[in-house]
Amino acid sequence: MAASFPDSVNENDIGKAKFIGELLVPVAPFDQKSGRETWTVAFAPNGSYFAWSQGHRIVRLIPWAKCLKNFSIGHNGEATNASSPRRLSRQNSNGGQEIQTADEPREHTIDCGDIVWGLAFGSSVPEKQSRCVNIGWHRFKFGQDQLLLATGLNNGRIKIWDVYTGKLLLNLMDHTELVRDLTFAPDGSLMLVSASRDKTLRVWDLKDDGNMVKVLRGHQNWVYCSAFSPDSSILCSVGAGKAVFLWNMDKLTLIRKLEGHHNDVVSCEFSPDGALLATASYDTRVIVWDHHKATILLELGHLFPPPSPIFAGGANDRWVRSVSFCPDGRHLASITDDRMVRFWSIEEKAPQAIGSLSNGLCCAFSAEGSVLATGTRDGSVLFWECPRSVASLQHMCRMSIRRLTTTQQVETLAIPTPLRDYLTYKII
């Protein structure tokens, strides 16, 4: 199926996304298609592990450096043999003659006991105290080197695993429907937010042995996805509905709703400096917001002409399934039902590069931003090299400033208007 681009765009100017490798699901005899979907892919914040829900209750944890070595990409990110990307079958990956040292990351296969919808890595910073100050004793003392994996299941449970040992640590039970998405606060506090088909978000404190802190209500339908701002102060949540919800995570209250999409919003992520918010919708668009001001800065269209609001649900071969922000703060990736993966620059209205991807469901950038992982309906994961360019010193300064300041704070600075517009991303 041909991709749709604006008339002003020359399709020949759009680059070909570089496919670098694939992880395949072991195929058992009489294997059925249903239940094999990869609903989530995730990279550990420290870059040590990659995890994906490969269907049939199974989550696979793979040391990322080892995985990358097997693909056609070198240690410095340079493709070494881009014409023949490797495909790795993980059928016998726990067997074989490999001798592992004690401190080398181990590969794990985890049977979660039910279909896995959501995955998230969480790491602890010991100085970050639990919100629960009354209890002096806890079962778990999470150390500096602890890495956890949270899995959201079809039966509404959330299971927390030790990544290094594959051991089950906690079983959180409170949701009444499947847990679609999970996200940890990036500040090392081990606060976990779960988004569920039961129309709620729940906030859990894993430093308080998984105690549930708060139920966030407001969504009228399923909640599909949630994401923390980089400073952990704001949570965005989206679901079966047109509104984008923003929550204050210090007070655990609703800040506002962002209105602009014409159909269900299914994916959301903040930029690395916290200045921008990207949301993906079945209305065939990704919107980049200034969430501080509730304004739309950029619309990335996947169908031209775009469907009118009345028919925004009709173009279901162009539904956007997932959006992810690159750690460089300048690139985005989107997965769409038109069998494409697109890489965007925030400076352009058209994609920088595209690749062919059948049945894509989800995507995530590696911690350093050089690779995009995309999960599919058949349980496999495809990896792509992110288009690279050297970020300007201006942009790096902007990201440094915006990590610490809101749009409103920038607007009060006594600086020239063009500089203010640049810092607030009005001029990209």
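A residue is called buried if its relative accessible area is under 20%, exposed if it is over 50%, and partly exposed in between, computed with a 1.4 Å probe on protein chains only. The model is predicted, so local features need pLDDT of at least 70 and side-chain atom pairs count only at pLDDT 80 or more, whereas totals for chains, interfaces and linings use all residues. Residues are numbered from 1 along each chain as its sequence is written, and side-chain values use heavy atoms, with hydrogens and water left out.

**Exercise 1. Determine whether Cys362 and Cys386 take part in disulfides, and classify their exposure.**

Step 1. A disulfide is a covalent bond between the sulfur atoms of two cysteines. The criterion applied here is a pair of cysteine sulfur atoms within 2.5 Å.

Step 2. For Cys362, the closest cysteine sulfur belongs to Cys363 and lies 7.2 Å away, which is too far for a bond.

Step 3. For Cys386, the nearest cysteine sulfur is that of Cys326, at 4.1 Å, and Cys386 is in no disulfide. Searching the whole structure gives zero disulfides.

Step 4. Cys386 has a relative accessible area of 3% and is therefore buried. Cys362, at 8%, also counts as buried.

**Exercise 2. Describe the largest nonpolar core and identify the strand that supplies its largest share.**

Step 1. A nonpolar core is a set of buried Ala, Val, Leu, Ile, Met, Phe, Trp, Tyr and Cys residues joined through side-chain atoms within 4.5 Å. In soluble globular proteins, nonpolar side chains tend to be buried together.

Step 2. The largest core holds 18 residues, and those with the most contacts inside it include Cys236, Leu246 and Phe270.

Step 3. Strands are DSSP runs (E, at least two residues), numbered from the N terminus. At least two core residues come from each of strand 16 (223–228), strand 17 (234–239), strand 18 (244–248), strand 20 (265–270) and strand 22 (285–290). Strand 20 gives the largest share, four residues.

Step 4. Contact means heavy atoms within 4.5 Å. Leaving aside neighbours within four places in sequence, Phe270 is in contact with residues including Cys236, Leu246, Leu277 and Phe325.

**Exercise 3. Locate Leu297 and state whether it is buried, partly exposed or exposed.**

Step 1. Leu297 belongs to strand 23 (residues 295–301).

Step 2. Its relative accessible area is 26%, so Leu297 is partly exposed.

Step 3. Beyond its neighbours within four places in sequence, the contacts of Leu297 include Leu276, Trp289 and Tyr425. Leu297 and Tyr425 are 128 residues apart along the chain, yet their C-alpha atoms are separated by 7.5 Å.

**Exercise 4. Give the strand order of the sheet that contains strand 3, and name its edge strands.**

Step 1. Two strands pair if DSSP finds at least two bridges between them. Four strands form an open, antiparallel sheet in the order 3-4-5-7.

Step 2. Strand 3 (41–43) and strand 7 (108–111) each have a single partner strand, so one side of each is left without a neighbour in the sheet.

Step 3. Strand 3 and strand 4 (residues 49–53) run antiparallel and are joined by three bridges. Within this pair, Val41 has Trp52 of strand 4 as its bridge partner.
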